[in-house]
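Biologist: Before we talk about labels such as buried or edge-to-face, could you show me the structure, so that we can set each value against its definition?

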Amino acid sequence: MIEFDIETELKRLPHSPGIYIMHNDKEAILYVGKAIDLHNRVRQYFRKGHGHNGSQKITKMVSQIAYFEYIITASELEALILECNLIKEYRPKYNTMMTDDKGYPYIRVTTEEDFPRVLYSHHMKHNASEYFGPFTDGKAVHDTLIMIRKLFKIRNCNKDIEKCIRTGERPCLYYQIGQCSAPCANRISKKDYQESIDKAKSFLNGNTKEIVADLKVKMQEQSANLDFENAAVTRDLIQSVESIMQKQRINDTGKKDDRDVIAIARNDKDSVISIFFVRNGSLLGRENHHMAITPDDNNSEILNAFVKQYYTETPYVPKEIFTTLPVLEEEIIKEFLEKKRGGRVSFVVPQKGEKKGLIKLAEDNANLVLQQDIERIKIKEKRTTGACQEVADLIGIPRASRMEAFDISHISGYHSVASMVVFENGIPQRNSYRKFRLRTVAGPDDYASMKEVLTRRFTDEKLTIYPDVLMMDGGKGQVNIAEMILDSLGLDIPVCGMVKDDHHRTRGLYYKNKEVSFSPGSEAMHMITALQDETHRFAITYHRLLRSKDQVHSILDDIEGIGPKRRKALLLAFQDVDTIRNISIEDLAKADGMNKKSAEAVYNFFH
């Protein structure tokens, strides 16, 4: 611990906007705050009874401060953004924290593709795709995607359409059951397919009357032709459309605007923030967030902390935000949100009419949750974010919010594949999972396989989000391999081995050359067990999929420019993949149908 004289440092504080960070004598961060004038703001903490209304929480925090640091910013807006990021990163003890982080699903239309797909998405990214949402009912989103395939025959595969047409690929099962128009087999023109996409987007915007009317006409025609079986199918389709749209749009609020409605309920220890989502004038649903507080925190402070933390993370900012109380830092937060949204944002405290009714609905919901469901929310938090923090504390790292785990699967050491599973805040993030087919390893060599997989993962320009901790399915050997790879790439990421006992139950973590055991029945142990099981399941499932498609021997299909004919020619000329892996470009070019360019592609793939 460095020597630090607070009085001397207080005199040096500049009269500038910025961030201040309070530390205890163990260098842990106690509090992160922002200030328009750092000099005036930080000095208040060390003047007895000044600026904090006798708050016991602040008094206790100040008694623990050993030193502070600060960061100067160009404006209060920059300070706000930095404050939110640091609170999110370090989760300081004395900041009012939103404890149950959550994202909301979107429906993504890949309009950047010639034949777009309609997909489930956990996040709204800044790309050429169009996004619909956010939605609060994940199951309803999946049901909607199934409905869109039935209604508009939109593909959901990731095939290279032009390549499929060139090679004469046959349509898949979805075409056979009437849920895909098979652009891969040239069964629909690009223009007609785009018309289907436009109808799907209209459907996602809530324009269902025309679709339902068309289905009813179709059902009547089928009945008139005595085709009662298909008429019944169409009837069920109509009911499904109406049911799904009812789930997603449960209340019409009249004016076709987007807004969030935020209300708070509290007692001495806990508060619940209810947020209702109104999109295009319809109430899509609600979410509840638990925030740990002290009796000294007033409702305005709690609301202010929630608004900053929530909208720093959420990708979508609506035009209006209704709140029960004025937001303390309204002007600066508004400026930040307008930059993020790219348009005007208004904070409104409704006083009467329909808007006041929405606030009352949110308040009633928050009070009900506080009375009945607060313990359930706390249990969920303990099993997710709480379990992540347990793991972090166990091995002595600041945070373990994002974990990545790897596993190798093979048959007697051959046809190896690998899986990467991602948990964020204790919850599987399946859209971030990755599969790998080994390119350079021949035979049963798990260490070499893991070396290849980790190298590919951490040099992939598309995988730019790194984990807080890397979890290896194994002990010392796997951990050493991972640490060696990360060191060679200049990455400083903690690596743990997930250790099992003789009964194949998770026993502990291998970290920094020693095994750390879990407390029996701890939430951390349960979460790591789930992570380990999920990693193994995902690898096995991928391996079985390849075997079921008889693709185990077709790693050559992964090489750009090598189609079925060249693959067949290579195998005829050189017998097996191991031989192909180890021969020169000149020899590869001698096979029928090969040239120097395709030979280089094969050689570079394996090397």
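Modeller: Let me begin with a term: a contact means heavy atoms within 4.5 Å. Please keep in mind, too, that this is a predicted model.

Biologist: With that term settled, which residues does glutamine 222 touch, not counting residues up to four places away in sequence?

Modeller: Glutamine 222, which lies in helix α9 (residues 209-224), touches Asp227, Phe228, Asn230, Ala231 and Thr234 once residues up to four places away in sequence are not counted.

Biologist: Why is glutamine 222 called buried?

Modeller: The relative accessible area of glutamine 222 is 13%, and buried means under 20%, so glutamine 222 counts as buried. Across the protein chain, buried residues make up 48% of the 607 residues.

Biologist: What makes the pair of phenylalanine 458 and tyrosine 466 edge-to-face?

Modeller: Two values are needed, since a pair of aromatic rings is described by the distance of the centres and the angle of the planes. The ring centres of phenylalanine 458 and tyrosine 466 are 5.4 Å apart, and rings pair if their centres lie within 6.5 Å; their planes stand at 75°, and planes over 60 degrees apart count as edge-to-face, so that is the name for this pair. A search of the whole structure finds eleven aromatic pairs, and, on the subject of rings, Tyr20, Tyr31 and Tyr45 are linked by ring pairs into a cluster.

Biologist: How do you know whether phenylalanine 458 is buried or exposed, and why is tyrosine 466 called partly exposed?

Modeller: Phenylalanine 458 has a relative accessibility of 6%, and the limit for buried is under 20%, so phenylalanine 458 counts as buried. Tyrosine 466 has 34%, and partly exposed covers the range between under 20% and over 50%, so tyrosine 466 is placed in that class.

Biologist: Tyr31 belongs to the ring cluster; what else can be said about Tyr31, and which residues are the closest to the centre of the second largest pocket?

Modeller: The second largest pocket has a volume of about 830 Å³. Of the 31 residues that line this pocket, Tyr31, Arg41, Glu301, Asn304 and Leu328 are the closest to its centre. The largest share of the lining, five residues, comes from α11, while β2 (29-35), α3 (56-64), α4 (76-90) and α11 (299-313) each supply at least two residues. By residue class, the lining divides into eleven nonpolar, ten polar and ten charged.

Technical notes:
Residues are numbered from 1 along each chain as its sequence is written. This is a predicted model: local features need pLDDT of at least 70, side-chain atom pairs count only at pLDDT 80 or more; totals for chains, interfaces and linings use all residues. Side-chain values use heavy atoms; hydrogens and water are left out. On a 1 Å grid over the protein atoms alone, a cavity is a set of points where a 1.4 Å probe fits but cannot get out, and a pocket is an open set with protein on both sides within 12 Å along at least five of seven lines; lining residues have an atom within 4 Å of a point. Grid points are joined across faces, edges and corners, and a volume is the space filled by probe spheres set on the points. Helices (H or I, at least four residues) and strands (E, at least two) are DSSP runs, numbered from the N terminus. Ala, Val, Leu, Ile, Met, Phe, Trp, Tyr, Cys and Pro count as nonpolar, Asp, Glu, Lys and Arg as charged, and the others, Gly among them, as polar. Buried means under 20% relative accessible area, exposed over 50%, partly exposed in between (1.4 Å probe, protein chains only). Rings of Phe, Tyr and Trp (its six-membered ring) pair if their centres lie within 6.5 Å; planes under 30 degrees apart count as stacked, over 60 as edge-to-face and the rest as tilted.
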